[in-house]
Amino acid sequence: MSLNFRVVLVEPLYQGNVGSVARAMKNFGFSDLVLVNPCSLEGEARAMSSHARDVLEGATITSSIEDAVAGANLLIGTTGITGSKFDEHIRIPAHVPREMKELLEGYTGTIALLFGREDKGFTKDELCMMDMILTIPTSEIYPVMNLSHAVAVILYELSDVQAGETPLADPFDTKLLMEHFSQVLENIDYPAHKKEKTELMLKRIFGRARLIPREVQTLRGVLRRIQRHLVSDKENLSDVYTKY
């Protein structure tokens with residue numbers, strides 16, 4: 001049983017940064033690199049990777065974030081811009097690397113660490129895919145870090161995370177749980193204009209909870225019972241109207 005970290009660079013613009021990320025990964029003992037629609041990787045990328053060329057050349061290249069994170073139990077998105085409105089949940093709550101290390105201690109599974117584009121980071125929809133948000137506290141004078149520097153800081157903190165015997169829930173089962181919650185919100189006529197934010201809030205709550213398989217199944221069992229009672233109540237109400 002182990003805890004594996006996958007570094008995912010989303011549409012990196014500069015091959016020098018990609019090479020430097022590969023080098024930082026090897027510095028701290030990581031090797032699983034995935035590139036989503038990267039820039040061309042030629043001499044500069046190889047030069048900047050230095051003795052980590054094997055990490056660079058072994059990188060998986062995909063055309064979508066969905067393919068890049070396939071099989072990952074948790075998606076952790078990094079951002080240099082944190083949210084301040086606690087009713088939106090897109091960029092909050094944001095954890096610092098040391099907190100993230102503590103949260104992941106004792107688990108097994110695959111964690112995808114996603115880094116956005118150098119010029120504009122992630123889109124809103126991409127941020128909504130994340131189970132957790134990670135940020136590096138920096139000076140207000142110049143808060144934006146170079147991509148490879150940010151990767152290095154985060155991997156340094158996570159390099160000695162101790163895996164345990166607690167398995168993270170299967171990503172497919174977690175997806176079914178979220179879809180089940182969405183169904184229940186519809187069943188109870190939850191306000192449509194609040195549904196998207198509520199679903200994102202639930203996703204972040206479950207991400208922070210680091211759900212295990214039994215917890216996912218128990219939550220789905222509760223949701224099924226709620227749905228059965230809703231159906232039963234509607235049938236009983238229909239019988240009342242029929243009598244009159």
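Analyst: Let's start with empty space: on a 1 Å grid over the protein atoms alone, a cavity is a set of points where a 1.4 Å probe fits but cannot get out, while a pocket is an open set with protein on both sides within 12 Å along at least five of seven lines. Lining residues have an atom within 4 Å of a point. Points are joined across faces, edges and corners, and the volume is the space filled by probe spheres set on them. What you have here is a predicted model, where local features need pLDDT of at least 70 and side-chain atom pairs need 80 or more, but totals for chains, interfaces and linings use all residues. Residues are numbered from 1 along each chain as its sequence is written, and side-chain values use heavy atoms, leaving out hydrogens and water.

User: Okay, so how many cavities of 30 Å³ or more does a search of the whole structure find?

Analyst: Just 1. The largest cavity holds about 110 Å³ of space. Among the residues lining it are Asn73, Asp131, Lys203, Phe206 and Arg210.

User: Which helix gives the most to the lining of the largest cavity?

Analyst: Helices (H or I, at least four residues) and strands (E, at least two) are DSSP runs, numbered from the N terminus. Here helix 9, residues 192-209, gives the most, with 3 residues. For the chemistry, count Ala, Val, Leu, Ile, Met, Phe, Trp, Tyr, Cys and Pro as nonpolar, Asp, Glu, Lys and Arg as charged, and the others, including Gly, as polar. The lining of the largest cavity then splits into 5 nonpolar, 3 polar and 3 charged residues.

User: Now the open ones. What volume does the largest pocket have?

Analyst: About 530 Å³. It is lined by 26 residues, and Thr79, Gly80, Arg117, Val144 and Met145 are the closest to its centre. Helix 7 (residues 147-158) gives the most to this lining, with 3 residues. In all, the lining of the largest pocket has 12 nonpolar, 9 polar and 5 charged residues.

User: And how much space lies in the second largest pocket?

Analyst: That one has about 390 Å³. Of its 14 lining residues, Val69, Leu75, Pro171, Lys175 and Lys203 are the closest to the centre. Helix 8 (residues 171-187) supplies the largest share of the lining of the second largest pocket, 4 residues. By type, this lining has 7 nonpolar, 3 polar and 4 charged residues. Did you spot Lys203? You met that residue in the lining of the largest cavity, too.

User: Let's go to salt bridges. To what number does the count come?

Analyst: Look for a side-chain nitrogen of Lys or Arg within 4 Å of a carboxyl oxygen of Asp or Glu. That rule gives 10 salt bridges. Take Asp32 and Arg6, whose side chains meet at 3.4 Å, N to O. Asp32 lies in strand 2 (residues 32-36) and Arg6 in strand 1 (residues 3-10), so the pair ties together parts 26 residues apart in sequence.

User: Is Arg6 buried or exposed?

Analyst: Check the relative accessible area: under 20% is buried, over 50% exposed, and in between partly exposed (1.4 Å probe, protein chains only). Arg6 has 12%, so Arg6 is buried. Its partner Asp32 has 31%, so Asp32 is partly exposed.

User: How far apart are the closest N and O atoms of Lys195 and Glu199?

Analyst: They are 2.5 Å apart. Lys195 and Glu199 are 4 residues apart in helix 9, which means about one helical turn separates them. Lys195 is buried, at 15%. Elsewhere, shared partners join the salt bridges of Glu11, Arg117 and Glu126 into one network. Within this network, the closest N and O atoms of Arg117 and Glu126 are 2.8 Å apart. Arg117 is buried at 10%, and Glu126 is buried at 12%.

User: Where does Glu11 lie?

Analyst: Glu11 is in the loop between strand 1 and helix 1 (15-27). Its phi is near 50 degrees, a positive value in a residue other than glycine. Asp189 also has a positive phi, about 55 degrees, and is not a glycine. You'll find Asp189 in the loop between helix 8 and helix 9. Asp189 is exposed, at 67%, while Glu11 is partly exposed, at 27%.
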